[in-house]
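This report describes a two-chain model, going from one chain to the contact with the other and then to the second chain.

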Amino acid sequence: MKAALSRQQRVGLSVLGLLVFFGSWEVAVCSGLLPSGMVPAPTSLWQAWVDEVHGGFWQQAILDSLSHYALGLLFGSVLGVLAGLLCGMVPVLDAFLSGIVHLLRPVPGLAWVPFAILWFGLNTSGATFVIAISVFWINFYAAYAAVRSVDPDLYELASAFGHGRFMGRLVKIVLPASAPGVMAGLRTGLGQGWMSVVAAELFGVPGIGARMMQASSLLATDVVVVYMLTMALLYAVTDFLFGFVRLHVLRWQA
Amino acid sequence: MRDAAPLARLEDVGLSHDGGRTFIFRHVSLTLHKGEFVALLGPSGVGKSTVLRVLMGLSKPSEGVVRGPVHGEGDADAWQAGASGTKRRAQALVFQDPRLMPWRSVLRNVAFGLEGLGLSKHEKRERALAALRLVGLEEAADRWPKQLSGGQRQRVGVARALTVDPDLLLMDEPFGALDPITRESLQDELLRIWQQTHKTVLFVTHDIEEALKLATRILVLSGSPAEIVGELSIGAEHKAPDSLEFRAYAARLRGMIAGKPALSDAP
């Protein structure tokens, strides 16, 4: 394709894509191509959502999940960025931790659930822990890579103008220079956080994931899909809001 | 000018990156006097910038002694703070690639060296603006570096060095990457600024005409390992590029650079 699409064209096409997706889904269920017991028709979702809202389950699930999400994201992001920056800046620390990092990195957040239950119980802290761990690694690697790719000439610049010590380098060079990479990591973490919310709650900590689990055990597939879409919506909102933060922090890139 | 007080000195300095088996330069001694404009001239890759970095305290010499504007001996931190309460730095460096920080406005790039000197926000702004005025870029203070041309960026680099009011201004081929027209106008500006501020300048270049045009004294660095192979003082009256004297000087400098073939000194 030669000519670039305008913004309106792209938005229009993406709306069209969604309409085609839901339309063919609806047609497939109504025509019996897909068994309606297994797949809910899109038009049935509305009623399911209204019922959930009337019962107060929807609002409560969102509030519960948001609290896990916010806390897990906060701890995971802050610790991940800090650890990544430090490892990127201090070769001794980097070397010392590299073995431990390689050992722990491949362990998925879900695998920590038994320990989360054991250490924290089936409560907010347990869910927060699982979310924080998966967010941690994303931010750790993003920050680490961002620091490692800082132009070494800038360190010499800092030394030449009296900011050659650790704090000077950190504050004047490393933080601003690695901000684009750190922001990208934070943004990926925002999405990863929502994925982990479900994992963390499937085991009974109240929230969206737990509600989905209950619904699926009753074969209420429409309710499951309502919460799937709810999560997509929440992700879209958080990502949209983060866009403003990113735009402000990286305004020099505009 | 030669009677003026010595400001910085290298005494028999050498630098090796492999523990003394091979040297980039060796037995380099030079003295910079207050108010001088000294050019360090030599072919590309001979180690001129490295000599400058040793003098600046950014590299530690393998042998010899470095004496800077403050009594320190090659200790960058001791040099830089200046005497307490003076709110200046003993020396400042202009890089070849101006190395502006893209996340800072032009003004805040210039103010970089002022941070940590105990100045108020207002003082920092005023001094950075004054330096920008000196290089003719005051109106660009609030722009981002990427909005500037190559020549303007290098002016910002010069302003950043001038604003800390250094005793010694070190310049590492600052105009090497610019087009000839921009380079010439920046050379003229540098001369004007030097006459206005009476800074001591050490200017690294591989361009014989540039050295002759700017400097009051030229040191020639050549060979492998590099040494100072010649020195030339130039009176102000011989600065016209078309004059016979100018061409005679250029020929002598060429002879100095070539007279020490690169291989003759290898151990």
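Helices here are DSSP runs of H or I with at least four residues, and strands are runs of E with at least two. By that definition, residues 224-245 of chain A are 100% helix and 0% strand, with end C-alpha atoms 32 Å apart. The model is predicted.

**Chain A**

The secondary structure of chain A consists of ten helices and zero strands. Read from the N terminus, the order of elements is α-α-α-α-α-α-α-α-α-α. The C-alpha trace of chain A spans about 75 × 55 × 30 Å along its principal axes. Chain A has 254 residues, and buried residues make up 32% of them. Among contacts in chain A with a separation of 6 or more, 73% are between residues 24 or more positions apart.

An unreviewed UniProt entry lists "domain: ABC transmembrane type-1" for residues 62-246 of chain A. The annotation "transmembrane region", also from an unreviewed UniProt entry, covers residues 69-91, 103-122, 128-147 and 224-245 of chain A. The table gives the computed helix and strand content for three annotated spans of chain A.

| Span of chain A | Helix | Strand | Distance between end C-alpha atoms |
|---|---|---|---|
| Residues 62-246 | 84% | 0% | 25 Å |
| Residues 128-147 | 100% | 0% | 27 Å |
| Residues 224-245 | 100% | 0% | 32 Å |

One charged residue of chain A can be followed in more detail. A:Arg211 lies in helix H9 (residues 208-217) of chain A. Is A:Arg211 buried or exposed? A:Arg211 counts as buried because it has 24 C-beta neighbours inside 10 Å, and the cut-off for a buried residue is 20 or more. Leaving aside neighbours within four places in sequence, the contacts of A:Arg211 are A:Phe57, A:Ala61 and A:Tyr227. A:Gln60 is 151 residues away from A:Arg211 in sequence, yet the two C-alpha atoms are 9.9 Å apart in space.

**Contact between the chains**

Twelve residues of chain A are in contact with 15 residues of chain B. On the chain A side, helix H7 (residues 152-160) provides the largest share, six residues. By class, this side of chain A has six nonpolar, four polar and two charged residues.

**The largest nonpolar core**

The largest nonpolar core has 117 residues, and B:Val38, B:Leu55, B:Leu202 and B:Phe203 are those with the most contacts inside it. Helix H6 (residues 124-148) of chain A gives the most to this core, with 16 residues. From chain B, the core draws at least three residues from each of domain 1 (18-63 + 166-267) and domain 2 (100-165).

Which residues does B:Val38 contact, leaving aside its neighbours within four places in sequence? They are B:Leu32, B:Val201, B:Leu202, B:Phe203, B:Ala215, B:Arg217 and B:Leu219. Of these, B:Arg217 is also the bridge partner of B:Val38 in strand S8 of chain B.

**Strand S8 of chain B and its partners**

Strand S8 (residues 217-222) of chain B is mostly covered, with five of its six residues buried. S8(B) pairs with two strands described here. Strand S3 (residues 37-41) of chain B runs parallel to S8(B) and is joined to it by four bridges. Strand S9 (residues 227-233) of chain B pairs with S8(B) in the antiparallel sense over six bridges. One of the bridge partnerships between S8(B) and S9(B) is that of B:Val220 with B:Gly230. S8(B) and S9(B) form a hairpin with four residues between them. In the turn, B:Gly223 has a positive phi of about 100°.

**Domains of chain B**

The domain assignment of chain B gives domain 1 (18-63 + 166-267) and domain 2 (100-165). The C-alpha centres of domain 1 and domain 2 of chain B lie 26 Å apart. Their contact takes ten residues from domain 1 and eleven residues from domain 2. On the domain 1 side, helix H6 (residues 180-197) of chain B provides the largest share, four residues. The residues of this domain 1 side divide into eight nonpolar, one polar and one charged.

Methods. Residues are numbered from 1 along each chain as its sequence is written. Chains are lettered from A and ligands numbered from 1 in the order in which they are written. This is a predicted model: local features need pLDDT of at least 70, side-chain atom pairs count only at pLDDT 80 or more; totals for chains, interfaces and linings use all residues. A residue is buried if 20 or more other C-beta atoms lie within 10 Å of its own, exposed if 12 or fewer, and partly exposed in between; C-beta atoms are placed from the backbone. Two strands pair if DSSP finds at least two bridges between them. UniProt positions are given in the numbering used here, feature names are shortened, and annotations may be inferred rather than shown by experiment. Two residues are in contact if their C-beta atoms, placed from the backbone, lie within 7 Å. Ala, Val, Leu, Ile, Met, Phe, Trp, Tyr, Cys and Pro count as nonpolar, Asp, Glu, Lys and Arg as charged, and the others, Gly among them, as polar. A nonpolar core is a set of buried Ala, Val, Leu, Ile, Met, Phe, Trp, Tyr and Cys residues joined through C-beta atoms within 7 Å. Domain bounds come from an automatic or database domain assignment.
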